[in-house]
2 protein chains.
Amino acid sequence: MNYVIIGLGTAGVYATRYISSIDRNADITIIEKNRYESYSPCGIPFIIEKGESLELLKHPFPRTKRINVLINHEVIEIDNKERKIIVKNLQNGEKLEIAYDKLLFSAGAEPLIPKIKNANEYLGNGVFVIKRLEDAENLIEYIREKSIKHVSVIGAGPIGLEMAYSMKSFGLNVSVFEMLPQVFPRSLDPDMASEVEKFLTGNGIKIYLSSPVEEIVVDGEKVVGIKSNNNFYSSEAVILSAGFRPNTELLKNMVDMERSFIIVDDHMRSSDPNIYAAGDNIIVKNMISGEKTVFQIATVAAKQGMVAGINMAGKEAIYTGTTLTFVSKIGSLEIASTGLTETEASKKYRVFSARARGLNRPKYTGGTEILLKLICDENGKILGAQGMGELSSQKINVISMAIRKNSTVMDILANEMGYCPEVSELYDITNMAADLLIKKLNISKYIF
Amino acid sequence: MNYVIIGLGTAGVYATRYISSIDRNADITIIEKNRYESYSPCGIPFIIEKGESLELLKHPFPRTKRINVLINHEVIEIDNKERKIIVKNLQNGEKLEIAYDKLLFSAGAEPLIPKIKNANEYLGNGVFVIKRLEDAENLIEYIREKSIKHVSVIGAGPIGLEMAYSMKSFGLNVSVFEMLPQVFPRSLDPDMASEVEKFLTGNGIKIYLSSPVEEIVVDGEKVVGIKSNNNFYSSEAVILSAGFRPNTELLKNMVDMERSFIIVDDHMRSSDPNIYAAGDNIIVKNMISGEKTVFQIATVAAKQGMVAGINMAGKEAIYTGTTLTFVSKIGSLEIASTGLTETEASKKYRVFSARARGLNRPKYTGGTEILLKLICDENGKILGAQGMGELSSQKINVISMAIRKNSTVMDILANEMGYCPEVSELYDITNMAADLLIKKLNISKYIF
């Protein structure tokens, strides 16, 4: 059986692993546009912050006799009638045709260039995106060569804020502009976001909320500032982190899409039965509400890649949706969430929430503050959680499992979280938040 | 309503919290034999290791008008017909009578003095147990005053091994004697225990397995060594960590017991309907096998205390059992487990297991090795897990939740563990272990 994988991102890597482990006769061809194989884009801000080599983010992909990886190749056409693709070698321009029985489209997404005056025009020349390793190289080179003093970040999501902190630790003046009235609008409620905003401000990063950017101001050849809410802010470099648009032009008019994202069934199959899709270019099911959503996160792409790979290789796998688990780290601040925010949940459910503030370990073993918000419906069913502080992402992992298993706040209260003073508190923050939350519900029977 | 709580350990503390929050008219009297209130016994080895003050382990108990705490008082009689107790003030010898409507017996357990020649005779004089703060003080004083060079630990459970490491970092020569052929016999399988043994040996601690101690050898007034397997080992001090016997003499012939542990129903009620029991002195249900077991762990006592408190105060709570979640930290080595060991599970189930070795974070953010063993039955139902390395206890918490919710290895593979290179790996060790384990099962359909 001939398998073709378009894009060697996380989804492509995990699909390939499963295909080759299930179908011992699989011939797999992977087409990757980059000049290098799989890499860790999420690591870029931290590598920059630490001044380490971006080379550390590359993962050479294990070749076998039956896995052919074509890097620096671009797919220019998919012929789904004849089941073949046409690929261009980006080094020498040569074209080749590759036949497939099953195709995985895991080409990911590209940074979205927002409709801001001069954003597109000055891309690479004072305006930067962060996705590929060369993006980071270009940004660092520009900052060094032009002796940049101010940098602005447009968009207060994880990449924007991680990059903002990274730039700050470079010694630059950093401003973040966010259209919405809070940071992390996707993953945090305003009460939790305000804690992050305080942390950023406390670290000397300027945050402008409810501040859409109208223009990147240029003076001749150079970027000199930002115009937002009709104010001018000096800035010689701008980082765009306004989201990602799916890389799906090749499948246009061939498979069903919604807002350019591929629609897949629970087998990760598109409307063409021989074309599967996984990763940042598909629309997925939110496990909690059952609604369709876009959630471009590597761990989710990994699971989808597995599901696609298993089905392509002839076994059966069902994808039941994402719990929307998310982690970011900005300087020393760990931030995590899973499930719906209270804001989002309130649109559909009668929502209760509680916030616990405690320690991740006792003070005498060096414990630090941890904050956990827990959200449930009137029956106590857990809808989401948000955490902040060291180990908060580990607590969120427990809630992610709880959500997957339709748990209630009672399960969170009852769950045994291991205790040893060197690593944890006797009364874990998850138990504590559940305790506070359960008191707001009308519980007739506690089941521990 | 008059509530009497015997013992201000973890179970007593949590019961009191719930009673007073549910029954606003509760009059609560707590009797505590110690000269201080609630404290953290689990912290003792770490406080000693760091040379910090044991005072840090004390938690003054919040008094209210309706909560009367009698420290330095001992219950000398329980009259369950008249529903009253007789209490002796240990300072002045005065006796008083206290009536109860509901009684919680949470007097905990006392260190077991094994039947070893001279163990009892030299207790406090070269032979030590570790339970109360004064036990630790006595040990430290003895080591300092007598300029002790060698110390032996009898029993390779958590307290024994944590104390062994703590004594080693004091600069002493330390030997550990364990009757069974492995360390942590309760919580780890031999393959995982051997990793701990390697770590201890690597840190200069001598471990003697399959080595019951026959005699503590004395020379006149002084302890001078240990006799085990007919060999003599020099040692001027001995720490006994051979387990704990329940403190239940007062209830003898009054309520049903098994091996001196109180038998309770799922409401934490003993065979006397007005006497509840919780904590280290009861026999509990193992949630996985449904069998009765003894599991003297603070987090478990906390849950049982809550269950008892809720029921005593007139609401209903059910205790469904313990997942046997356990954590220890020996020097830099974090060790955790939950559920059944493979050894234990094999007695009842057809068992499959897999062990994954990976990183807790990528190398470029300072990741270190983490090891996770996952155990399931032939249907993939998770029966237990064991972990080692930094963050392993956090991973075990996820598995504890999974066990509580009757999860399968598929749930562990599918669970979204948040990824951010600064705090975690893209392919979490739990997912990785599940991946290895699932390949050993005959799975017809993967449900992500």
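**Exercise 1. Describe how helix α1(A) passes α6(A), and which residues make the contact.**

Step 1. The crossing in which α1(A) passes α6(A) is right-handed, a term used when the near helix is turned clockwise from the far one by less than a right angle, whereas an anticlockwise turn is called left-handed. The model is predicted, so that local features need pLDDT of at least 70 and side-chain atom pairs count only at pLDDT 80 or more, while totals for chains, interfaces and linings use all residues. Residues are numbered from 1 along each chain as its sequence is written, and chains are lettered from A and ligands numbered from 1 in the order in which they are written.

Step 2. Helix α1 of chain A covers residues 10-22 and helix α6 of chain A covers residues 298-312, and the two pack at an angle of about 30 degrees with their axes 7 Å apart. Helices (H or I, at least four residues) and strands (E, at least two) are DSSP runs, numbered from the N terminus; axes are lines fitted to C-alpha atoms, for helices over the stretch in contact, and angles run from 0 to 180 degrees between N-to-C directions.

Step 3. The two helices α1(A) and α6(A) are therefore roughly parallel, the word for angles under 35 degrees (over 145 is roughly antiparallel, 65 to 115 roughly perpendicular, and the rest oblique).

Step 4. Among the residues that make the contact are A:Thr10, A:Ala11 and A:Tyr14 of α1(A) and A:Ala298, A:Gln304 and A:Met312 of α6(A), where contact requires C-beta atoms, placed from the backbone, to lie within 7 Å. By class there are 14 nonpolar, six polar and one charged residues; Ala, Val, Leu, Ile, Met, Phe, Trp, Tyr, Cys and Pro count as nonpolar, Asp, Glu, Lys and Arg as charged, and the others, Gly among them, as polar.

**Exercise 2. Work out how chain B touches chain A.**

Step 1. On the side of chain B, 63 residues are in contact with 63 residues of chain A.

Step 2. The largest share of the side of chain B, nine residues, comes from α8(B), and the whole of that side divides into 34 nonpolar, 18 polar and eleven charged residues.

Step 3. Helix α8 of chain A, residues 392-404, packs with α8(B) at an angle of about 15 degrees, their axes lying 9 Å apart, and α8(A) and α8(B) are therefore roughly parallel to each other. Their crossing is right-handed, and the contact includes A:Gln394 and A:Met401 of α8(A) together with B:Gln394 and B:Met401 of α8(B). This contact has six nonpolar, four polar and no charged residues.

Step 4. Strand β29 of chain A, residues 445-447, pairs in the parallel sense with β23(B) over three bridges, and pairing requires that DSSP finds at least two bridges between the strands. A:Ile447 stands opposite B:Ile318 in β23(B).

**Exercise 3. Lay out the open sheet of five strands in chain B.**

Step 1. The strands of chain B follow the order β3-β2-β1-β7-β20, with parallel pairing.

Step 2. The edge strands, each pairing on one side only, are β3 (67-71) and β20 (275-277) of chain B.

Step 3. Neighbouring strands of this sheet are turned by 15 degrees against each other on average, direction ignored.

Step 4. Strand β7 of chain B, residues 102-105, is joined to β20(B) by three bridges, and B:Phe105 has B:Ala277 as its bridge partner in β20(B).

Note on methods. Two residues are in contact if their C-beta atoms, placed from the backbone, lie within 7 Å.
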